[in-house]
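Here's a quick tour to go with the structure you're about to see. Keep the viewer open and look up each residue as it comes along.

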Amino acid sequence: MEKLIITVAPNGAQATRQHNPNLPLTPEEIADSIYESWKAGAAIGHVHVRDVMGENTMDLSVYQEVIDRVQEKCDIILNLTTAGGLEPTEEERLRVCELNPEMATFDAGTMNFGSGVFYNTPDFLERLAAETQQRNIKPEIEAFDVGMISNAMRIAKKGLIDEPFHFQFVLGVAGGMPATPKNLMHMAESIPAGSTWSAIGTSKDQLTINTMSILLGGHVRVGMEDSVYFRKGELAETNAQFVTRIVELAQTLGREIATPDEAREILKLKTSNLNKVGRRA
Ligand code: ZN
């Protein structure tokens, strides 16, 4: 099995300090949390940013500050969200690509999301795919349901997403596929040969889905975006705590951990973006 790529998602768009007082919110807190997670073994940091009130923002200067602070300290791969909650406009979402990250999320379909709707129309997805392709940004194809895999492949057929594809299966969101072992197996069996994949189990299902991913040869994402609890009844103190648990688990199960450079190789990232991250043309 190839080495295990651990992504850390330190805050996301939904969690607040009411859910967990340890949630990183400022650029400094987010960058520090990503750095600590890198020290623990994470190869990718998935970035959402907040404004001074702690609300979601798509302000590129805030992303920029996180990028700068992280890059000063370590070589972790940065994967910027192009969603940022359910409110941002399509234009705001597309603009994130101007920061030329090595990776960006590509949410492969529209769905109910909790009590809201997460819009990812066919036209928007084609524009986002084209934008990432043109800038050599690796799209992380987030699939909340098995139909989203076909959505992404329809766009790939138009020549807008390059192989090898990388999927992130997001299981357990209200409105998406439930986080069950059978569903994860089905997702993993439904992607084109030669693709890589990682999986997220939200809330109480984080560790179960992570463990299955390690065993099945997938990769994992952890962090307070997916669960503010470390285990039942115990709030997470840090994001690095989740990473450390996965590293120990992977060692027990005989799977080695990928460094950021090894992850770049596994995911076939275009290294040309490494020195361009955060630099707007
Ligand atoms: Zn996210």
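Two residues are in contact when heavy atoms of theirs lie within 4.5 Å. Helices (H or I, at least four residues) and strands (E, at least two) are DSSP runs, numbered from the N terminus. You're looking at a predicted model, where local features need pLDDT of at least 70 and side-chain atom pairs count only at pLDDT 80 or more, while totals for chains, interfaces and linings use all residues. Residues are numbered from 1 along each chain as its sequence is written, and side-chain values use heavy atoms, with hydrogens and water left out.

**Helix H5 and its surroundings**

- Start with H5, which covers residues 147–157: Met148, Ile149, Ala152, Met153, Ile155 and Ala156 are buried here. (Buried means under 20% relative accessible area, exposed over 50%, and partly exposed in between, using a 1.4 Å probe and protein chains only.)
- Look down the axis of H5 and those buried residues fall within an arc of 160°, so they line one face of the helix. (The arc is taken from the directions from the helix axis to the C-beta atoms.)
- Flip to the other side of H5 and you'll find Arg154 and Lys157 exposed.
- What do the buried residues of H5 pack against? Their partners are the strands S6 (103–107), S7 (111–113), S9 (138–143) and S10 (166–171), plus the helices H4 (122–134) and H6 (181–189).
- Just after H5 comes Gly159, with a positive phi of about 85°.

**The zinc site**

- Which protein atoms are the donors of the zinc ion? They are His46 (NE2), His48 (NE2), Glu225 (OE) and Glu225 (OE), at 2.0 to 2.7 Å from the ion. (Donors are N, O and S atoms within 2.8 Å of the metal, or 3.2 Å for Na, K and Ca; water is not among the atoms, so sites may look incomplete.)
- The four donor atoms make angles of 52 to 129°, and the zinc site is irregular. (Four donors count as tetrahedral if all angles lie between 85 and 135 degrees; four count as square planar and six as octahedral if opposite donors are over 155 degrees apart and all others between 65 and 115; anything else is irregular.)
- Along the sequence, the zinc donor residues follow the spacing H-x1-H-x176-E.
- His46 is buried at a relative accessible area of 1%, and His48 is buried at 5%.

**Aromatic rings**

- How many aromatic pairs does the structure hold? There are eight. (Rings of Phe, Tyr and Trp, using the six-membered ring of Trp, pair if their centres lie within 6.5 Å; planes under 30 degrees apart count as stacked, over 60 as edge-to-face and the rest as tilted.)
- The rings of Tyr35 and Trp38 are stacked, because their centres are 5.8 Å apart and their planes are at 20°.
- Tyr35 and Trp38 are three residues apart in helix H1 (residues 27–40), so about one helical turn separates them.
- Tyr35 is buried, with a relative accessible area of 18%, whereas Trp38 is partly exposed at 27%.
- Phe113 and Phe118 make an edge-to-face pair, with 5.8 Å between centres and 85° between planes; both Phe113 and Phe118 are buried.
- Phe165, Phe167, Phe169 and Trp197 join up in one aromatic cluster.
- Over the ring of Phe230 sits the charged end of Arg245, 3.9 Å from the ring's centre. (This counts if NZ of Lys or CZ of Arg is within 6 Å of the ring centre and within 35 degrees of the ring normal.)

**Backbone oddities and loops**

- Most residues other than glycine have a negative phi, and most peptide bonds are trans.
- The peptide bond from Glu163 to Pro164 is cis, with omega near -5°, and Pro164 is in the loop between H5 and S10.
- Asn100 isn't a glycine, yet its phi is positive, near 50°; Asn100 lies in the loop between helix H3 (90–95) and S6 and is buried at 4% relative accessibility.
- Lys268 has a positive phi too, near 55°; Lys268 lies in the segment after helix H9 (260–266) and is partly exposed at 45%.
- Thr121 lies in the loop between strand S8 (116–118) and H4, and leaving aside neighbours within four places in sequence, Thr121 is in contact with Glu90 and Thr110.
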